[in-house]
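Trainee: I have a structure open and would like to learn how to read its features. Could you walk me through some of them?

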Amino acid sequence: MTIGNELGSGDTVNTNGSWLASPLEALGFEVLLIAALPDEEERIAALVREQAAEVDVVLVTGGLGGTPDDITREAIAAAFGVPQEEQADVAEGLRSRFSGDPDYVTRWAQLPAGARPLEIPHGGAPGFVLGNVYVFPGLPGEMKPMFETIAGELEGGNPIGSWRRTYRTTESRIVAVLEAAGHQHPGVRVGSYPSFGAEGSAVEIVLKSNDPEALAAAQDWLERELDQLFG
């Protein structure tokens with residue numbers, strides 16, 4: 001989940017959601033939802049509460065600064081039904097790093113009770129973990145290295161591998177092969193993504209599975225079928 005009015009309005013592209021999906025699949029997590037939410041405490045809290053009860057891990061980015069629209073800390077506290085508390089060590093670290101305006105930055109240390117802070121030396125507002133919810137800053141330059149610090153503690157299933165290839169064709173010409181691939185290899189996800197450019201129509205086919213043998217078998221089968229179709 002990425003928090004910010006600017007995302008829903010289209011003023012900012014949700015690159016955080018797209019970036020996080022890739023390392024999560026490498027860790028064995030199937031990403032079920034990528035959402036951009038406005039700066040509304042009740043809406044954020046409701047979705048976090050719902051998803052935290054249903055999935056293994058919830059990742060939240062954005063809304064950790066000190067302006068009035070930065071309400072993620074409050075929303076996560078509301079989602080878990082806990083108060084916010086100043087974490088003394090976090091507050092002291094912020095005051096020493098941002099001595100020019102300590103009153104402004106120490107508000108970032110007001111984390112939901114029971115939260116474990118996540119800090120990076122060159123970043124601003126600290127992220128935190130509460131239950132199975134991981135919260136990171138919205139700036140990609142701060143979010144990405146902070147995610148790397150906790151990636152090792154996330155335990156998904158087998159890594160989700162992928163194979164992709166682009167064919168100069170249209171989906172209508174290969175739809176029967178794609179449907180057959182789904183039936184022949186039920187443990188592999190089959191996706192097709194058309195594009196239209198100066199050189200004509202193209203379709204990128206993507207196979208994904210956490211079973212390397214199933215993925216390899218589906219790849220071999222699909223390549224043979226398409227080579228025969230276009231041969």
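Mentor: Gladly! Let's start with one residue, E204, which is partly exposed, with a relative accessible area of 25%. Keep in mind that this is a predicted model.

Trainee: Why does E204 count as partly exposed?

Mentor: Partly exposed covers the range between buried, under 20%, and exposed, over 50%. E204 has a relative accessible area of 25%, so it belongs in that range.

Trainee: Which residue does the side chain of E204 meet in a salt bridge?

Mentor: Its partner is R164, at 3.5 Å from N to O. This pair ties together distant parts of the chain, since R164 sits in strand β9 and E204 in strand β11 (residues 200-209), 40 residues apart. R164 is partly exposed too, with 45% relative accessibility.

Trainee: Which residue meets R165 in a salt bridge?

Mentor: That is E223, with 3.3 Å between N and O. Here the link runs from R165 in strand β9 to E223 in helix α9 (residues 212-230), 58 residues apart. R165 has a relative accessible area of 31%, so we call it partly exposed.

Trainee: What does R116 pair with?

Mentor: The side chain of R116 forms a salt bridge with that of E153, at 2.6 Å from N to O. Distant parts of the chain are joined again: R116 lies in strand β6 (residues 116-118), while E153 is in the loop between α7 (140-150) and β9 (161-167), 37 residues apart. Both ends are partly exposed, R116 at 37% and E153 at 35%.

Trainee: How many salt bridges does the structure hold?

Mentor: There are 10. Salt bridges can also be linked in a network, as they are for E25, R189 and K208.

Trainee: Let's turn to helices. Which residues of α5 are buried?

Mentor: In helix α5 (residues 88-97), look at V90, A91, G93 and L94. These buried residues cover an arc of only 165° around the axis, so they lie on the same side of α5. On the other side, A88, D89 and S96 are exposed.

Trainee: What covers the buried residues of α5?

Mentor: The cover includes β4 (84-86), α6 (102-105) and β6. You have met β6 already, as the strand that holds R116.

Trainee: And how do I describe two helices that pack together?

Mentor: Two packed helices are described by the angle between their axes and the distance between the axes. Try helix α8 (residues 171-184) with α9: the angle is about 155°, and the axes are 10 Å apart.

Trainee: Is α8 roughly parallel or roughly antiparallel to α9?

Mentor: Angles over 145 degrees count as roughly antiparallel, so α8 is roughly antiparallel to α9. The crossing of α8 past α9 is right-handed.

Trainee: Which residues make that contact?

Mentor: From α8 come R173, I174, V177, A180, A181 and Q184, and from α9 come W221, L222, E225, L226, L229 and F230.

Trainee: One last residue: where is T169, and is T169 buried or exposed?

Mentor: T169 is in the loop between β9 and α8. Its relative accessible area is 4%, so T169 is buried. Leaving aside neighbours within four places in sequence, T169 is in contact with I174, S201, A202, V203 and F230. Two of these names should ring a bell: I174 and F230 also take part in the contact of α8 with α9.

Methods:
Residues are numbered from 1 along each chain as its sequence is written. This is a predicted model: local features need pLDDT of at least 70, side-chain atom pairs count only at pLDDT 80 or more; totals for chains, interfaces and linings use all residues. Side-chain values use heavy atoms; hydrogens and water are left out. A salt bridge is a side-chain nitrogen of Lys or Arg within 4 Å of a carboxyl oxygen of Asp or Glu. Helices (H or I, at least four residues) and strands (E, at least two) are DSSP runs, numbered from the N terminus. Buried means under 20% relative accessible area, exposed over 50%, partly exposed in between (1.4 Å probe, protein chains only). The arc is that of the directions from the helix axis to the C-beta atoms. Contact means heavy atoms within 4.5 Å. Axes are lines fitted to C-alpha atoms, for helices over the stretch in contact, and angles run from 0 to 180 degrees between N-to-C directions. Angles under 35 degrees count as roughly parallel, over 145 as roughly antiparallel, 65 to 115 as roughly perpendicular and the rest as oblique. A crossing is left-handed if the near helix is turned anticlockwise from the far one by less than a right angle, and right-handed if clockwise.
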